[in-house]
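The following exercises ask the reader to work through a structure step by step. Each task is followed by its solution.

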Amino acid sequence: MLSLLDTATGKVAPLDPRDQGRISVYLCGPTVSGSPHLGHGRVTVIWDTLRRYLTWSGFDVRFVSNVTDIEDKIIARATEEGSSTSEVAARYEALWWETMAALNVARPDAEPHATAYVDEMVKLVADLVSTGHAYRGGDGVYFSTESVPGYGLLARQDVGTLRVGARVEAEREAGKRSPLDFALWKLAAPGEPAWPSPWGPGRPGWHTECVVMSLDLLGEGFDLHLGGLDLAFPHHENERAQAVAAGKVFARRWAHNGMVVDERGEKMSKSVGNITSLPDLVQRYDGRALRALVLQAHYRSPMNVTVEVLEQAQGAVDRLDTFARETRDLGPAAPDPGMLARFRARMDADFDTPGALAVVFEAVRDARAEPARAPALAAAVRECCEKAFGLRLRGEQEEAGLEVMALVARRDAARAARDWAAADSIRAQLQDMGFVVEDGPHGTVVRRER
RNA sequence: GGCGGCGUGGCCGAGUGGUUCAGGCAAGGGCCUGCAAAGCCCUCUACAACGGUUCGAACCCGUUCGCCGCCUCCA
């Protein structure tokens, strides 16, 4: 069974599913107010990999990830553009899924939208108000963090020390009792999108949607709640607090991935402005290169994404492609059980994808050294890459146009006639056209340079 | 200030007491090849520093230095 570090306890422990054979997962998804950045690339790829690995391991995985389609930044953008929040949200959500597809990140089993859950959120807030866990402030309804025992679990700090670090100005915010309290319901300013509520027209606060949607779609005590490390506190803690206050059993386990950092080692952050566009990157590079890069870093470590490192990752992907090409004609074989076991052992040990990747490369090397084992090892490599890592290997002969095919035929003829000058000049021509040219056992083989 | 994490060779990055080596990328040399490409073989550059424990430490303990995260919107 896969072990992961549980943010709530700080310990690595095996998953212990609520229902045998099934694993329910909730991943905090995007706020669709702008283009996705590299950090989104990492969080989606790494947890998509977890999902694929668990599925491949035989679990029935239910994977839910939300879309926050109403939020202050979306309103700001709509105002700026003179369009509506739904237009802004729809546009960036489309860009989001398009980009995810380029990274081979599978769509979640459910993609709940905040705007579709407003009624349920109002119900939860009303419930929290009635039980004294929430109160009316000047511009909305706030959650009383101090009303929940153990608040601060995911920050691994107690309320007192968190309070010391909190911004003092927050204290003066409209009627908040504690700087740690957060908005459950924001009353609408004139012109802002609004939904009816007992406290007046407004919109839900960000921390409420995930509580309602995860419990609705996965049920109480779901197995795993995932997200970026920066969400552990306060976002996830605030979700947890609401669930606890409402008397619900919330996520049984929490796992958080490390941040993408810039060249200086500083976290990419919208407020710092050092973010790099994910759609741009996906256009310039093979999406698999970023995927490989994410896999080469342990999920909890900070990760740097630079041109140099991306190209190194591309080199690794190329090596796997070459192996897939070499072995495509070996015929079907059962995946090598020893290799699969080593791969799984790495993955199960706190999701050590870099270690698991090393097992894959060792199998590649072994397959070349021992041809008798090649079919089984090749099958295992393919299985691990495609089913667990979500890395599609390109083992097929690429489609080339008629002109290219003609050049290949002419080159083979020249080589057969030992006319090296002609053969070399045709090779140069093909290379200029952007192909890699190799002489295989059956003649010239071309493939498009990445 | 509180809490947490990290510092491994040119780059990325595993490894938690002991052997032959993580792995990938890059570099140099060789084999193969008509020449290449791919592949294979060999080589090179390590464990932040200082102490301690131990027969033995990258790995355990302590100290120091440096970097980062969270405590504020954020994946």
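**Exercise 1: A hairpin**

In this predicted model, strands β5 and β6 are joined by a hairpin through 2 residues. Determine how many bridges join β5 to β6, and whether the two strands run parallel or antiparallel.

*Solution.* Begin with the positions of the strands: β5 covers residues 134-137 and β6 covers residues 140-143. Next, count the bridges: there are 4, and the strands run antiparallel. Finally, take one pair as an example: glycine 137 has glycine 140 in β6 as its bridge partner.

**Exercise 2: An open sheet**

State the order of the strands in the open sheet of 4 strands, and describe their pairing. Then explain why one side of each edge strand is left without a neighbour in the sheet.

*Solution.* Step one is the order, which reads β4-β3-β9-β10, with parallel pairing. Step two concerns the edges: β4 (60-65) and β10 (253-257) each have a single partner strand, so one side of each lacks a neighbour in the sheet. Step three adds the twist, which averages 20° from one strand to the next.

**Exercise 3: Strand β3 and its surroundings**

Establish how many bridges join β3 to β4 and which residues stand opposite arginine 22 and isoleucine 23. Then decide whether β3 is largely enclosed or largely open, and identify the helix that lies across β3 and β4.

*Solution.* Strand β3 comprises residues 22-27, and 6 bridges join it to β4 in a parallel arrangement. Along this pairing, arginine 22 stands opposite aspartate 60, and isoleucine 23 stands opposite valine 61. Turning to burial, a residue is buried if 20 or more other C-beta atoms lie within 10 Å of its own. Of the 6 residues of β3, 5 are buried, so the strand is largely enclosed by the rest of the structure. The helix lying across β3 and β4 is α7 (residues 206-218), which runs at about 155° to β4.

**Exercise 4: Two packed helices**

Classify the packing of helices α1 and α14 from the angle between them, and list the residues that make the contact.

*Solution.* Helix α1 spans residues 38-56 and helix α14 spans residues 374-389. Their axes lie 7 Å apart and form an angle of about 120°. The two helices are therefore oblique to each other. On the α1 side the contact is made by Thr49, Arg52, Tyr53 and Trp56, and on the α14 side by Lys387, Ala388 and Phe389. By character, the residues of this contact divide into 4 nonpolar, 1 polar and 2 charged.

**Exercise 5: From domains to the whole chain**

Give the domain bounds of chain A and the distance between the centres of domain 1 and domain 3. Then determine whether leucine 402 is buried or exposed, and place these results within the chain as a whole.

*Solution.* The domain assignment gives domain 1 (3-257), domain 2 (307-389) and domain 3 (402-448). The centres of domain 1 and domain 3, taken over C-alpha atoms, are separated by 56 Å. Leucine 402 belongs to helix α15 (residues 402-416). This leucine 402 has 7 C-beta neighbours inside 10 Å, and therefore counts as exposed. Leucine 402 is 22 residues from alanine 380 in sequence, and their C-alpha atoms are 35 Å apart in space.

For the whole of chain A, the count is 16 helices and 14 strands. The C-alpha atoms fill a box of roughly 90 × 50 × 35 Å along the principal axes. Of the 450 residues, 44% are buried. Among contacts with a separation of 6 or more, 71% are between residues 24 or more positions apart.

Conventions
Residues numbered from 1 in each chain as written. Chains lettered and ligands numbered in written order. Predicted model: local features only at pLDDT ≥ 70, side-chain atom pairs only at ≥ 80, totals over all residues. Buried ≥ 20, exposed ≤ 12 C-beta atoms within 10 Å, placed from the backbone. Contact = placed C-beta atoms within 7 Å. Axes fitted to C-alpha atoms, helices over the stretch in contact; angles between N-to-C directions. Parallel < 35°, antiparallel > 145°, perpendicular 65-115°, else oblique. Nonpolar A, V, L, I, M, F, W, Y, C, P; charged D, E, K, R; others polar. Pairing = 2+ DSSP bridges. Domains from an automatic or database assignment.
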